[in-house]
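Here is a friendly walk through the charged side chains and strand pairings of one protein chain. Keep the viewer open as you read.

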Amino acid sequence: MHAINPAHRKQATWWLVALVGLTLALAGLAVPAVSHAEESNPNNYECLGSIAPGKPEVGSEEQQVAYIFYCNGPITGYQLQSQIPLTGVQSPPLVTAGASVLGAATGKPLSDTFSCSGEVPGYAVNCVGAAKTGYETITGQFAIGSKLCAEPRVDPLLTVTYAYLEKGVVTQAISGPFDLGRPSGCPPSALSGGTRLNPKPVTLKTKGKGKGKGKGKKQATAPKKK
């Protein structure tokens, strides 16, 4: 796992607080009152996603990173938090019906949408809007200032929010973080096989002592008889 500068961690936390606040402000317009008897617990959603090389942006030579994810319940906002600087944010992402994570979304495009922004350069993408039902696939992309497969490879964490009316009171829920993992399509490296939330154990190589070269411990010998 790559360490995050405390100042950057504070910045991302501030963005998440602002995201939740804006989501709550839009909740009455974006999400009608619902009964949660048949919904997943919005504080304990399960979300699944991945990242891959993105499509080139007109007028930009920066590395584009595509992300795709879905959750098992409706959401009204989300944040992607990176451990390396983000240099651009695409908006709006595409929302489609049905879950499709490993590859491009193949479902029918929906009218549900999100508006995304973030400080550039920065460490977070913040989006507000609505995926009104569970298992809607959200596809978007952002830019980074390094090559996709260069170490440390980008590995964003996803946090989702949901604002809804409960007995006339706006209620908020937050689920995550979920690790979207390292980018697909890159060659293996020493860090392959791990993620930010589940890093690969670091193994230290030790130099073995040569045999028959007098580098081992000397054995004790019995004293000679006089």
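## R153, E151 and R182

R153 counts as buried because its relative accessible area is 5%, under the 20% cut-off. Bear in mind that the model is predicted. The side chain of R153 meets that of E151 in a salt bridge, with 3.4 Å from N to O. E151 is partly exposed, at 33% relative accessible area.

E151 has another salt bridge, to R182, where the closest N and O atoms are 2.6 Å apart. This pair links distant parts of the chain: E151 lies in the loop between β7 and β8, R182 in the segment after β9, and 31 residues separate them. Salt bridges with shared partners thus join E151, R153 and R182 into one network. R182 has a relative accessibility of 16%, so this arginine counts as buried.

## S189 beside the network

Which residues does S189 touch, apart from its neighbours within four places in sequence? They are E151, R153 and R182. S189 itself is found in the segment after β9 (169-179), and its relative accessibility of 23% makes it partly exposed.

With E151, the side chain of S189 makes a polar contact of 2.5 Å. The two residues are 38 apart along the chain, while their C-alpha atoms are separated by 8.5 Å.

## The other salt bridge

A search of the whole structure gives 3 salt bridges. One of them joins K132 and D112, whose closest N and O atoms are 4.0 Å apart. Here, too, distant parts of the chain are linked: K132 sits in the loop between β6 and β7, and D112 in the loop between β4 (94-96) and β5, 20 residues away.

Are the two partners buried or exposed? K132 is exposed, with a relative accessible area of 52%, whereas D112 is buried, with 10%.

## D155, an acid without a salt bridge

As a general point, side chains of opposite charge can pair when their charged atoms come close. D155 is buried yet has no salt bridge. Why is that? The nearest side chain of opposite charge, R196, is 5.6 Å away, and a salt bridge needs the nitrogen and oxygen within 4 Å, so this pair does not count as one.

D155 is placed in the loop between β7 (137-144) and β8 (157-166). What its side chain does reach is the backbone nitrogen of G181, at 3.2 Å. Beyond its neighbours within four places in sequence, the contacts of D155 include Q81, Q83, D179, T195 and R196. L180, G181 and R182 are also among them.

## Strands and hairpins

Strand β6 (residues 122-131) is mostly covered, with 9 of its 10 residues buried. β6 runs antiparallel to β3 (residues 75-89), and 7 bridges join the two strands. If you would like a place to look in this pairing, Q79 stands opposite N126 in β6.

β6 also pairs with β5 (residues 114-117) in the antiparallel sense, over 4 bridges. Within this pair, C127 in β6 is the bridge partner of C116. β5 and β6 form a hairpin with 4 residues between them.

Now for β8 and β9, which run antiparallel and are joined by 9 bridges. T161 stands opposite I174 in β9. These strands form a hairpin with 2 residues between them, and K167 in the turn has a positive phi of about 55°.

Key: Residues are numbered from 1 along each chain as its sequence is written. This is a predicted model: local features need pLDDT of at least 70, side-chain atom pairs count only at pLDDT 80 or more; totals for chains, interfaces and linings use all residues. Side-chain values use heavy atoms; hydrogens and water are left out. Buried means under 20% relative accessible area, exposed over 50%, partly exposed in between (1.4 Å probe, protein chains only). Lys and Arg count as positive and Asp and Glu as negative; His and the chain ends are not counted. A polar contact is a pair of N or O atoms within 3.5 Å; within protein, one must be able to donate a hydrogen and the other to accept it, and residues adjacent in sequence count only if both atoms are side-chain atoms. Contact means heavy atoms within 4.5 Å. Two strands pair if DSSP finds at least two bridges between them.
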